[in-house]
Amino acid sequence: MSGAVPFRNLSTSDFLRRFGHQAQTSQFRAVLQVGTLPFTKNYDPQGGRFYDDLSFLCNSTSLPGSSFSTAENLQDYYGVNQKYAYRRDFDDLSLDFYVDAQYQTLKFFEQWMDYISSPATYSVVTDSDPSSEISFYRFKYPREQGGYKCRIDLHKFDRDYDKTKNDILYSFVNAFPRSLSSMPVSYDGSSLLKCSVTFAFDRYFVNRNGGIQEANDTVDTTTPVNNPSANGPLTEATKGLDVYKKANDKLKVGDKATDPEILGFIEEERKIAREREQAKALQRGESIDMEGGGKFSFDIN
């Protein structure tokens, strides 16, 4: 019978095989790829790299969630309401960090937020004094002088990762701190000071095959070796960006490319440029040439 639910007899070994090893919540690592932020070099790492220190000091987070915005269609079938997805919405990412004895964790995130909007650096009417009564906040452009966004990688694994390699890797694109939560202090019983930072980002993608590389401790410690923002992508999901950059360099200098993969990227870039110009022409009320011949236009009034 179509749709019937099958009945099965399961033994104890069947249950153990299916449910004997479940994922745990206490094994994860959050890596903030902060190598492109110009002020990172001001922080002396305790373990060799400051992004490593941030990773080890991150004590809790949440695996990301997302949802779809939907539109409702009531017209196709009488009495039936249908919904269609048209946009994917992402929740903010929250990371909790222990504050080290030198307060470098707290100072770093405060300076990151000052870098985005700071009266001390970007005021044009004061003498760069943040305590001035007429100082104001002036926001930085995301791409100005390297920008204030970076990538965050959230790696979830288990205790036997060395043997099984079972994991999941979330990569958050163009992340930056949206809020820094208040941190209560008191003369009551002491506890570890923690700061909670909420990050906004454009989107995240999941590298289901991991993509984690072994750390190389012999390289310059001022630039993280697995920082895709600084040294280019290192995972299978983004390896094509290297080819895109090479193709883009060829387009800028007008040089000729011979690599088939680079030629493909160049042709795709030119196609996008043509489509952009055609869209602008249509918005001006002009006509455009069709691939099969003829002209196309529409009345925007």
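**Strand β5.** I began with β5, residues 93-98, in this predicted model. I looked at where its side chains point, and they alternate. Leu93, Leu95 and Phe97 are buried on one face, while Ser94, Asp96 and Tyr98 point to the other face and are not buried. That fits the usual pattern: in a regular strand, side chains alternate between the two faces of the sheet.

**Neighbours of β5.** Next I asked myself which strands pair with β5. I found β2, residues 58-61, running antiparallel to β5 and joined to it by three bridges. Within that pairing, I noted Cys58 with Phe97 as its bridge partner; Phe97 is one of the buried residues I had just met. I then turned to β8, residues 194-200, which is also antiparallel to β5, with six bridges between them. Here Asp96 of β5 stands opposite Ser196.

**Helix α2.** I moved on to α2, residues 50-57, and wondered how many of its eight residues are buried. My note says seven: Phe50, Tyr51, Asp52, Asp53, Leu54, Ser55 and Leu57. What covers them? The cover includes β2 and β5, already in my notes, along with β1 (28-33) and α3 (104-116).

**A patch on the surface.** Last, I looked up a nonpolar surface patch, and it came to about 310 Å². Leu10, Phe15 and Phe19 make it. I traced Leu10 to the segment before α1, which spans 12-19. Is Leu10 buried or partly exposed? Its relative accessible area is 41%, so I wrote it down as partly exposed, since that class lies between the 20% and 50% cut-offs.

Conventions. Residues numbered from 1 in each chain as written. Predicted model: local features only at pLDDT ≥ 70, side-chain atom pairs only at ≥ 80, totals over all residues. Heavy atoms only, no water. Buried < 20%, exposed > 50% of the residue type's maximum accessible area, 1.4 Å probe, protein only. Helix = DSSP H or I, 4+ residues; strand = E, 2+ residues; numbered from the N terminus. Pairing = 2+ DSSP bridges. Contact = heavy atoms within 4.5 Å. Patch = residues over 30% accessible without salt bridge, like charges linked within 9 Å, V, L, I, M, F, W, Y side chains within 5 Å. Areas by Shrake-Rupley, 256 points an atom, 1.4 Å probe, with all protein chains shown as cover. Salt bridge = Lys/Arg side-chain N within 4 Å of Asp/Glu carboxyl O.
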